[in-house]
Amino acid sequence: MTDVSGAARPDARWDASSTVDPVARARALHGVYDAVLSGGSGRTAPRSVVSESWRRSLAARVDPDRHEAPMMYGAGDLDMVRASHPLSAVLPMLRSTLVSIADEAVHIMVVTDADGTVLWREGATSLLLSADAVGLAPGTTWSEEAIGTNAMGTALAVDAPVSIHSAEHLVRAVHAWTCAAAPVHDPDSGAIVGAIDVTGPLHTAHPAMVALVAATAQLAENQLRVRLAIADEQLRVRNMPHLISLRGRAGALLTPTGRVLAG
């Protein structure tokens, strides 16, 4: 497998929070990409989050030159998956928070499930057509194992907000894009339920994007937490008579996931 560690020290200038011109930074990243994947080393190594993601992606046999995101769900199946997914409950908030900003910044909003499969994708029609051309479409899977380093898949892999710019993507076909994503967690179990992403052409990169998606993910988790509290209270009200009927004997009211609500 190609060594993607690079000989030089990682340089924070290649972080997506950098103020370097995004097109100039993309040119520099192409030099790093070509040097590292050819087995050499450039003057600057990839960021650690990128080099580690490249290593995982190559280990999963992702081909940088000929790889496409696989289609996981057709249109009929996707409707059913969306309806049952927990993030469907917070989609109105995501739209009001991100879609208008994404439109103005020439980006699209993408929402995935925990496996990196795109469930929702919204934005300007012209940009959606460009996204279709690189396979970024509803029903396709963008995990690292499926399509290599990208903000959605890498955010899910490292369980943290991530920005990926131009040639930081492992697959060359996506080098004209920049993206920032953050995972969203189930407030009940703590497990990841999906990722929120903002993606656009590389010249539209902005240092605030990763902070924006991270804050939006927090808002989504807060809304899920409120919904969970309401469901807990409804369950408690319905079932407290059963506990009362025990007349002092040991007993407890549990959620379906095993949390104790009353005892």
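Which residues line the second largest cavity? This report answers that question and describes the other empty spaces in the structure, which is a predicted model.

## The second largest cavity

The second largest cavity is lined by V134, L136, W142, N150, M152, H169, V174, W177, C179 and T199. The space inside this cavity comes to about 70 Å³. Sorted by class, its lining holds seven nonpolar and three polar residues, with no charged residues.

## The largest cavity

Rolling a probe the size of a water molecule over the atoms reveals where empty space remains. Across the whole structure, a search finds three cavities of 30 Å³ or more. The largest cavity has a volume of about 90 Å³.

Twelve residues line the largest cavity, and T178, C179, A180, H206 and M209 are the ones nearest its centre. Two or more lining residues are given by each of the elements β4 (177–185) and α8 (209–244). Strand β4 supplies the largest share, three residues. In terms of class, eight residues of this lining are nonpolar, four are polar and none is charged.

C179 appears in the lining of the largest cavity and also in that of the second largest cavity.

## The largest pocket

The structure also contains pockets, and the largest pocket has a volume of about 160 Å³. Its lining consists of D188, R227, L228, A231, D232, L235, R238, T255, P256, T257 and R259.

Charged residues are present in this lining: five are charged, four are nonpolar and two are polar. By contrast, no charged residues line the largest cavity, and none line the second largest cavity.

Conventions: Residues numbered from 1 in each chain as written. Predicted model: local features only at pLDDT ≥ 70, side-chain atom pairs only at ≥ 80, totals over all residues. Heavy atoms only, no water. 1 Å grid on protein atoms, 1.4 Å probe; cavity = no way out; pocket = protein on both sides within 12 Å on 5 of 7 lines; lining within 4 Å. Points joined across faces, edges and corners; volume = space filled by probe spheres on them. Helix = DSSP H or I, 4+ residues; strand = E, 2+ residues; numbered from the N terminus. Nonpolar A, V, L, I, M, F, W, Y, C, P; charged D, E, K, R; others polar.
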